[in-house]
Amino acid sequence: MPEGSEGVPAAVRRLPGRLVAPDPGWTTRADVVIVGSGIAGLTAALRLRGQVDKVLVVTKAVLNAGSTQWAQGGIAAALGPGDTPAEHEADTLVAGAGACDAAAVRALVTEGPEAVRELIALGTNFDHTDTGELSLTREGGHHRDRIAHAGGDATGAEIQRALIAAVEAAPDIEVIQHALAVDLLLGEDEAGVTGVAGLTLHVIGEGERDGVGAVHCRAVVLASGGLGQVFSQTTNPAVATGDGMALALRAGATLRDLEFVQFHPTVMYLGPGSRGQQPLISEAVRGEGAFLVDGLPEEGGSRLMPGVHPLADLAPRDVVAKAIMKRMLQTGRPHMWLDARHLGQAFWERRFPTILATARSHGVDPVTQLIPVAPACHYASGGVRTDLFGRTDVPGLYATGEVACSGVHGANRLASNSLLEGLVFSRRIADVLPAELPAWRTPGEDRRTPGLVAGDARREVQETMSAKVGVLRTAPGLAEATVLLDKLSGHDAETVDLRAWEATNLLTISAALADAAALREETRGSHWREDFGERDDEQWAGHFDVRMHDGVTTVSFAPEPPTDLGLADDHDQPQQGEHP
C-alpha cells in the first residue's frame with residue numbers, strides 16, 4: 001500500500017450512509033450556510049456578508065459554545081521585531097514532521113499578520129506591554145516570541161466576544177442556535193454534476209423551527225470544529241463530536257490525515273475516573289518558564305525535558321507528550337507534574353488568571369503546588385480534505401478550521417496555529433466563494449442507506465479509542481479496536497434523538513481514524529506506533545485518505561515528498577540570545 005492505492009476496504013462493516021431522521025417539518029433558504037460559530041465560522045460569515053444575498057450561521061449550541069473560547073495560549077503570527085513569515089513557516093514545517101502542505105503553510109504565515117491586524121481592528125483587545133507594544137510570548141516549537149494573547153490566558157474568549165459582537169451588529173447575518181447539522185442534501189445541476197443542494201438540521205427550542213427542517217442553499221461552509229469527544233478525556237467541549245467530518249464523509253468528501261490527533265501534553269489530571277472535557281494547562285505557562293518534573297520535591301523529582309530535545313520544555317507537543325508518556329510507563333505513575341511555583345502569585349494572577357482559578361477549583365494552587373498533568377486529546381490535525389481555498393471534493397461544500405485538513409498542520413500542529421488557520425482560510429474561502437457560487441440545485445432522491453447507532457454506544461466508543469487508539473498505538477491494539485468498533489456498528493438505535501446522532505458520528509469518525517492509524521506503520525508527529533518506533537519517509541511520506549460510498553469506507557495512500565527536509569537538523573537549536 002505505501003506506493004499508493006486506489007482504495008482498499010477499510011474493514012468489514014457497514015456504517016450509515018445517512019442518518020435516520022424524521023422528514024423535514026419546515027424549510028428555509030440561504031445562499032450560503034455556515035455550520036459552526038467559532039473563529040472560522042464567524043470570520044467566514046463576516047467576510048461573506050454583502051457579497052452574497054443571504055448568509056445563515058447554524059451552531060450546535062450557542063454562539064460561544066465551541067472550541068474557540070477555550071483557546072488559552074493565543075494566536076501565532078510574525079508580528080514581533082525581528083520575526084518573519086519565513087521563520088514561522090520553518091517552525092510550522094518542522095513541527096508538522098514532513099506531512100504539511102508547503103503551499104498551505106506559506107499562505108498561513110504570509111497572510112497571518114494582516115489577518116490578526118484586521119482582528120484587532122474588529123475590536124479584539126489583545127494584551128500590550130507597558131510601552132504599548134503588542135505583548136508576544138512563546139510556546140512549544142516556536143523560535144520567536146510570536147504568540148499574541150488576550151486577558152492573559154483568555155485569548156479565545158476575547159476573540160469570540162469580538163466576533164460575536166460584530167455578527168450581532170450585522171442584521172444581514174441570520175443565526176440559528178441549538179441546531180445540529182444532520183446531513184447534506186445533494187442534487188444535480190444542469191450539467192448532471194451532483195453537489196450541495198442544502199442540509200437538514202435538528203433544532204431545539206426555536207419555536208416554529210423545532211425538530212428537523214431543511215435549509216436549501218447554494219453552498220455550505222463547514223466550520224464545525226473537531227472530534228475530541230471520540231476519546232474519554234479531551235480538552236474539547238461536549239459539542240465536539242465530529243459531526244461535520246462525518247456529514248462530509250457520508251456526502252462523498254475525503255477525510256485526510258485522521259490518524260494525526262494531537263494529545264496536549266499538559267492537561268490537568270483529575271483522577272482515573274474523570275471523563276469528558278478536562279482542564280487545559282496552556283503551553284504558554286511553559287513559555288513563561290514553567291517546567292515538567294517526574295516527581296514531587298520531597299521525592300527527589302527531577303526535570304523531565306532537558307536532554308530529550310534541544311528546546312527542552314518548549315519542544316513540539318508530540319515530543320513532550322511522548323516524553324511524559326514514556327516516563328509514566330517507566331514509573332507506573334498516572335501523571336507527571338508541572339512546576340510553575342517560581343512565577344509567583346502576582347504573575348499568575350496577571351498572566352494566567354483563568355488557569356489559576358480553574359486549578360484552584362480542583363484543589364491545586366499553582367502558586368505553591370505542582371500541577372499534576374497528563375496528555376489528553378486536544379486537536380485533530382486531519383479532517384475534511386480541502387484545497388488552498390477551502391474547496392472539498394463535493395461541489396458547493398467548503399471546510400475551514402479544525403473540521404478541515406488544509407495541510408498546514410501536517411502530523412503535529414504547531415502551538416497556536418489553530419486560531420490562525422481558521423482566520424486565514426475562512427478569509428480565503430470568502431475571497432473565491434462569491435464568484436464561484438453555484439446555481440441552485442434541487443435536492444434529489446437520497447439513495448444512501450439510512451442507519452443509526454444507539455446512543456449508549458458512545459461510552460464504549462470512547463473507552464475503546466482511549467485504550468487502543470490513544471497516545472500509544474500498536475497493531476494488536478488497533479486490531480482489537482477495529483473489532484470492537486465493527487460490532488458497535490450493528491448496535492442499532494431504537495430511539496431517534498441527539499444522543500444517537502452523536503454516537504453514530506463518533507463511531508463513523510472513530511472507525512476511519514483507527515483504520516488509518518493501523519495502516520500507517522511508522523511513528524510520525526502525533527501518531528506514535530510502539531511497534532514501528534521510527535519515522536519512515538521511504539515508505540510512509542504521504543497521506544491516508546478515507547472515503548465512503550453508502551456506508552462502506554475505503555482507505556487509500558497518496559505518496560508525497562516530506563516537506564521538512566533540510567530544516568529539522570539545525571532548526572531545533574535555540575537562536576543566539578534566545579531562551580531555550
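**Exercise 1. Is E349 buried, partly exposed or exposed, and what is its relative accessible area?**

Solution. This is a predicted model: local features need pLDDT of at least 70, side-chain atom pairs count only at pLDDT 80 or more, and totals for chains, interfaces and linings use all residues. Residues are numbered from 1 along each chain as its sequence is written, and side-chain values use heavy atoms, with hydrogens and water left out.

- Locate the residue. E349 lies in helix α8 (residues 345-351). Helices (H or I, at least four residues) and strands (E, at least two) are DSSP runs, numbered from the N terminus.
- Recall the cut-offs. Buried means under 20% relative accessible area, exposed over 50%, partly exposed in between (1.4 Å probe, protein chains only).
- Apply them. E349 has a relative accessible area of 42%, so E349 is partly exposed.
- Add a distant partner. G152 is 197 residues away from E349 in sequence, yet their C-alpha atoms are 8.7 Å apart.

**Exercise 2. Judge the confidence of the chain.**

Solution.

- Take the mean. The chain has a mean pLDDT of 91 (the predictor's confidence in each residue, from 0 to 100).
- Take the share. 93% of the residues reach 70 or more.
- Find a weak stretch. Residues 572-580 have pLDDT below 50. Beyond near neighbours in sequence, this stretch has 24 contacts in the model (heavy atoms within 4.5 Å).
- Draw the lesson. Where pLDDT is low, the predicted coordinates should not be read in detail.

**Exercise 3. Check the span of helix α11 and find its buried side.**

Solution.

- Work out the expected span. The rule is 1.5 Å times one less than the number of residues. Helix α11 (residues 457-468) has 12 residues, so 16 Å is expected.
- Compare. The end C-alpha atoms of α11 are 16 Å apart, which agrees.
- List the buried residues. In α11 they are A457, R458, V461, Q462, T464 and M465.
- Place them. They cover an arc of only 165° around the axis (taken from the directions from the helix axis to the C-beta atoms), so they sit on the same side of α11.
- Recall the helix rule. An α-helix has 3.6 residues a turn, so residues three or four places apart point the same way.
- Name the cover. It includes α12 (475-488) and α13 (498-519).

**Exercise 4. Describe how α3 and α10 pack.**

Solution.

- Read the geometry. Helix α3 (residues 102-122) and helix α10 (residues 418-436) pack at about 95°, with axes 8 Å apart. Axes are lines fitted to C-alpha atoms, for helices over the stretch in contact, and angles run from 0 to 180 degrees between N-to-C directions.
- Classify. α3 and α10 are therefore roughly perpendicular (65 to 115 degrees).
- Look at the interface. Residues of α3 including A104, L108 and L119 meet residues of α10, among them L420, V424 and F425.

**Exercise 5. Follow α7 and the residues around it.**

Solution.

- Step before the helix. A312 is in the loop between β16 and α7. Its phi is near 50°, a positive value in a residue other than glycine. At 13% relative accessibility, A312 counts as buried.
- Enter the helix. Helix α7 (residues 317-331) has 15 residues and reaches 21 Å, close to the 21 Å expected.
- See its packing. The buried residues of α7, including V320, I324 and M328, pack against β14 (261-268), α6 (283-287), β16 (291-293), β17 (336-339) and β18 (371-380).
- Step out. G332 follows α7 with a positive phi, near 75°.

Note on methods: Parallel < 35°, antiparallel > 145°, perpendicular 65-115°, else oblique.
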